[in-house]
Amino acid sequence: MHSRQELADAFSALGVAPGDTLMVHASVSAVGPIAGGPDQIHLAIKDALTERGTLMMYASCPEYYDDVGRGVYPGSVEREILEKMPPFDPLTARAARDNGTLVEFFRSYPGSLVNHHVARFVVWGAHACHLISEQPWDFPFGRGSALERFVELDGKILLIGCDHDNVTFLHYAEQILHVPDLRILTMEVPWLENGERVWKEVKEVDTSGAGAHPNWPDRFFAQIVNSYLAKTHNRGGRVGHAHCFLFDAKGLLALALGEMRLMASKPVRSE
């Protein structure tokens with residue numbers, strides 16, 4: 001069983017430093033038994049960061065809130081969603097289950113803040129308010145987003161025993177990419193305006209499983225992350241039972257943009 005202090009010491013040994021701005025993806029089960037439960041993980045990260053640091057995780061939204069227009073459901077299901085879904089409340093809605101358990105523990109813990117969008121980030125710490133100070137409605141992962149300010153703050157990404165294909169930050173690279181044939185998606189989300197539910201359109205470079213570009217290979221994000229880890233000779237380290245990696249976002253972004261441009265320059269694959 002792992003204590004909060006043991007986890008904090010392991011995060012520090014991995015390279016998490018006081019004052020860092022950190023974006024985290026985590027598998028709670030990979031860490032192993034934790035004295036006090038999953039909250040101890042984000043509390044241990046905060047201990048390593050100290051009050052000068054900043055913690056960020058991607059929460060998104062529960063199922064159906066951002067699905068209309070994506071083509072993942074038949075028209076009959078979309079019609080039912082349009083009829084029955086309540087407006088999205090960023091302050092109370094649970095995190096998407098696919099994003100793991102820890103982000104919901106972090107979201108619901110005192111002191112956490114969120115941006116008002118279905119593309120929802122949870123933040124805490126010294127730069128929390130700055131990270132969510134603005135939120136573009138369209139292309140919410142792109143210019144002017146929390147991810148852009150994260151890069152400007154020399155942010156670092158921490159992977160705790162999780163799938164390397166789930167690095168949300170790489171959607172920022174897709175959103176600022178200037179190449180032909182990017183898939184632009186328009187979805188609809190239920191929103192509260194003037195006391196009434198309305199369905200608002202949101203445009204984005206497609207972040208679904210279909211991929212932002214027809215040339216993206218399967219598990220492209222994992223390929224990019226693993227290439228960057230190899231290039232920087234980053235073998236990671238252990239926190240609890242989890243194999244973890246800490247790396248800088250700017251370096252990953254530079255490599256990702258290069259890989260994406262190269263892939264997009266090839267003849268477009270038939271779908």
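## Helix H10 and its surroundings

Start with helix H10: at 1.5 Å a residue, its 16 residues should span 22 Å, and the end C-alpha atoms are indeed 22 Å apart, so the two agree. Keep in mind that this is a predicted model.

What happens at the start of H10? There, a side-chain oxygen of Asp 248 comes to within 2.7 Å of the backbone nitrogen of Gly 251. Further along, the helix has plenty of buried residues: Ala 249, Gly 251, Leu 252, Leu 253, Leu 255, Ala 256, Leu 257, Met 260, Met 263 and Ala 264. Those buried residues pack against helix H7 (146-152), strand E5 (156-160), helix H8, helix H9 (220-231) and strand E9 (242-248). As for how H10 sits, the helix lies across E5 and E9, running at about 80° to E9.

H10 also matters for the bookkeeping of the nonpolar core. The largest core has 46 residues, of which Met 56, Ile 157, Phe 169, Phe 247, Leu 252 and Met 260 touch the most other members. The largest share of this core, 9 residues, comes from H10 (residues 249-264). Apart from this core lies another one, of 33 residues, including Val 16, Leu 22, Ile 45 and Phe 106. Met 56 has a long list of contacts once residues up to four places away in sequence are set aside; among them are Leu 22, Met 23, Val 24, Phe 106, Phe 121, Leu 131, Ala 146 and Phe 150. In general, nonpolar side chains in soluble globular proteins tend to be buried together.

Now the sheet. It is open, with 7 strands in the order E3-E4-E2-E1-E5-E9-E8 and mixed pairing. Which strands stand at the edges? Strand E3 (113-114) and strand E8 (237-239) do, each with a single partner strand, so one side of each is left without a neighbour in the sheet. Helix H1 (residues 4-14) packs on the sheet, where it touches E5, E8 and E9, and its direction makes about 160° with that of E8.

Strand E1 (residues 21-26) and E5 run parallel, joined by 5 bridges, and His 25 stands opposite Leu 159 in E5. Elsewhere, E6 and strand E7 (residues 196-205) pair in the antiparallel sense over 10 bridges, with Met 187 bridging to Val 202 in E7. The hairpin of E6 and E7 has 2 residues between the strands, and Asn 194 takes a positive phi near 55° there.

Two loop residues are worth a look. Arg 183 lies in the loop between H8 (170-176) and strand E6 (184-193). Is Arg 183 buried or exposed? With a relative accessible area of 18%, Arg 183 falls under the 20% cut-off, so this residue counts as buried. The other is Asn 234, in the loop between H9 and E8. Leaving aside neighbours within four places in sequence, Asn 234 is in contact with Leu 229, Phe 245, Leu 246 and Phe 247. Asn 234 and Phe 247 are 13 residues apart in sequence and 8.0 Å apart in space, C-alpha to C-alpha.

Both loop residues appear again in this table, which puts side-chain to backbone polar pairs together.

| Side chain | Backbone atom | Distance |
|---|---|---|
| Arg 183, polar atom | Gly 211, oxygen | 2.8 Å |
| Asn 234, polar atom | Leu 246, oxygen | 2.9 Å |
| Asp 248, oxygen | Gly 251, nitrogen | within 2.7 Å |

Conventions: Residues numbered from 1 in each chain as written. Predicted model: local features only at pLDDT ≥ 70, side-chain atom pairs only at ≥ 80, totals over all residues. Heavy atoms only, no water. Helix = DSSP H or I, 4+ residues; strand = E, 2+ residues; numbered from the N terminus. Buried < 20%, exposed > 50% of the residue type's maximum accessible area, 1.4 Å probe, protein only. Polar contact = N/O pair within 3.5 Å; in protein donor to acceptor, adjacent residues only side chain to side chain. Core = buried A, V, L, I, M, F, W, Y, C linked by side-chain atoms within 4.5 Å. Contact = heavy atoms within 4.5 Å. Expected span 1.5 Å × (residues − 1). Pairing = 2+ DSSP bridges. Axes fitted to C-alpha atoms, helices over the stretch in contact; angles between N-to-C directions.
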